[in-house]
Amino acid sequence: MGRGRVELKRIENKINRQVTFSKRRNGLLKKAYELSVLCDAEVALIVFSSRGKLYEFGSAGMNKTLERYQRCCYTPQDTSAADRETQSWYQEVSKLKAKYESLQRSQRHLLGEDLGPLSVKELQNLEKQLEGALSQARQRKTQIMLEQMEELRRKERYLGDLNKQLKNKLEAEGHSSLRAIQCSWDSTSVVGNNAFTTHPSQSNNPMDCEPTLQIGYHNFVPPEGTAIPRSVAGESNFIHGWVL
């Protein structure tokens, strides 16, 4: 009796399921190898078990076969879109490169370099560009100088006003100080005059006068009809000028 037909459904018995997986996996890997050898085909086989374990076979290498698979899976529409995008980027790069080279040539021409290949018309245009640039540079320089001069004038006016304020303040303080000094001198002179004033005699006898301080040499003239003894004249409080 031959082996009966196996019903295709999940094997509930865990042990039987594992045994069946092992046998059929090995048979599948064997068939893939035989197909690659007999038919000269590029075969790649990837199997994951229920536990997550990987089993693979690649006749030409798994990575190489996968790359070939990805290239073949692109649709013609996607390929054409990628080609158009690549072509667009290439044209953009070419334009930027040409513009960069043109700017470099213009910079060299402005610096007076590589003028040999230029024609008369191109040299005239270059001369006009240089004259325009020189005129703009001069205008800008003049504007900056005028702005600086205006700023200096404004500072000058400010410093002049500040100087006037300080001068007025110093003059006011000087006048007040001078008045204070004059008042001080006046009060000092008044006190000195009061101190050195000779008080009038209360009697007709000159000996009753209070002593006074006299600076310098003065001749004492006695009143008429008055006789002063020599001893009294010698004991007077007058200081002769030659003693000082």
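In this predicted model, the count of aromatic pairs comes to 2. One of them brings together Tyr 33 and Phe 57 in an edge-to-face arrangement, with 6.4 Å from centre to centre and 80° between the planes. If those two numbers look unfamiliar, remember that a pair of aromatic rings is described by the distance of the centres and the angle of the planes. This pair links distant parts of the chain, since Tyr 33 sits in helix α1 and Phe 57 in strand β2, 24 residues apart. Is each ring buried or exposed? Tyr 33 counts as partly exposed, at 48% relative accessibility. Phe 57 counts as buried because its relative accessibility is 19%, and the cut-off for buried is under 20%.

Let us step back and look at the whole chain. The protein chain holds 5 helices and 2 strands, and reading along the sequence gives the pattern α-β-β-α-α-α-α. Of its 244 residues, buried ones make up 6%. If you take the contacts between residues at least 6 apart in sequence, 23% of them join residues at least 24 apart.

Now find the two strands. Strand β1 covers residues 44-48 and runs antiparallel to β2, with 5 bridges joining them. One place to see this pairing is at Phe 48, whose bridge partner in β2 is Leu 54. The hairpin has 5 residues between the strands, and within this hairpin Gly 52 takes a positive phi near 90°.

Strand β2, residues 54-58, is a good place to compare two faces. Which residues lie on its covered face? They are Tyr 55 and Phe 57, while Leu 54, Glu 56 and Gly 58 are on the uncovered one. In a regular strand the side chains alternate between the two faces of the sheet.

The residues of that covered face turn up again in the largest nonpolar core. This core has 6 residues in all: Ala 32, Val 43, Leu 45, Val 47, Tyr 55 and Phe 57. Strands β1 and β2 each supply at least two residues of the core. As background, in soluble globular proteins, nonpolar side chains tend to be buried together. To follow one core member, pick Val 47: leaving aside residues up to four places away in sequence, Val 47 touches Phe 21, Leu 28, Lys 53, Leu 54 and Tyr 55.

Next, look at helix α1, residues 14-39, where you will find Ser 36. Ser 36 has a relative accessible area of 10%, so this residue is buried. Its side chain reaches the backbone oxygen of Tyr 33 at 2.6 Å, and Tyr 33 is the residue you met in the aromatic pair with Phe 57. Phe 57 is also among the residues that Ser 36 touches, along with Ala 41, Val 43 and Ser 59, not counting residues up to four places away in sequence.

Just past this helix comes Asp 40, in the loop between α1 and β1. Asp 40 has a positive phi of about 55° although it is not a glycine. Most residues other than glycine have a negative phi, and most peptide bonds are trans. Asp 40 is exposed, with a relative accessible area of 74%.

Finally, turn to the charged side chains. Side chains of opposite charge can pair when their charged atoms come close. How many salt bridges does the model have? The count comes to 5. Glu 12 and Arg 10 form one of them, with their closest N and O atoms 3.5 Å apart, and both residues are exposed.

Helix α4, residues 120-196, includes Glu 150 and Arg 153, which lie 3 residues apart, about one turn of the helix. The side chains of Glu 150 and Arg 153 meet in a salt bridge at 3.7 Å, N to O. Glu 150 is partly exposed at 35% relative accessible area, and Arg 153 is partly exposed at 40%. Glu 150 and Arg 153 are also linked with Arg 157 in a network of salt bridges.

Glu 151 and Arg 154 form another salt bridge, with the closest N and O atoms 2.0 Å apart. These two residues are separated by about one helical turn because they are 3 residues apart in helix α4. Glu 151 counts as partly exposed at 31% relative accessibility, and Arg 154 is partly exposed with a relative accessible area of 41%.

Notes: Residues are numbered from 1 along each chain as its sequence is written. This is a predicted model: local features need pLDDT of at least 70, side-chain atom pairs count only at pLDDT 80 or more; totals for chains, interfaces and linings use all residues. Side-chain values use heavy atoms; hydrogens and water are left out. Buried means under 20% relative accessible area, exposed over 50%, partly exposed in between (1.4 Å probe, protein chains only). Helices (H or I, at least four residues) and strands (E, at least two) are DSSP runs, numbered from the N terminus. Two strands pair if DSSP finds at least two bridges between them. A polar contact is a pair of N or O atoms within 3.5 Å; within protein, one must be able to donate a hydrogen and the other to accept it, and residues adjacent in sequence count only if both atoms are side-chain atoms. Contact means heavy atoms within 4.5 Å. A nonpolar core is a set of buried Ala, Val, Leu, Ile, Met, Phe, Trp, Tyr and Cys residues joined through side-chain atoms within 4.5 Å. A salt bridge is a side-chain nitrogen of Lys or Arg within 4 Å of a carboxyl oxygen of Asp or Glu. Rings of Phe, Tyr and Trp (its six-membered ring) pair if their centres lie within 6.5 Å; planes under 30 degrees apart count as stacked, over 60 as edge-to-face and the rest as tilted.
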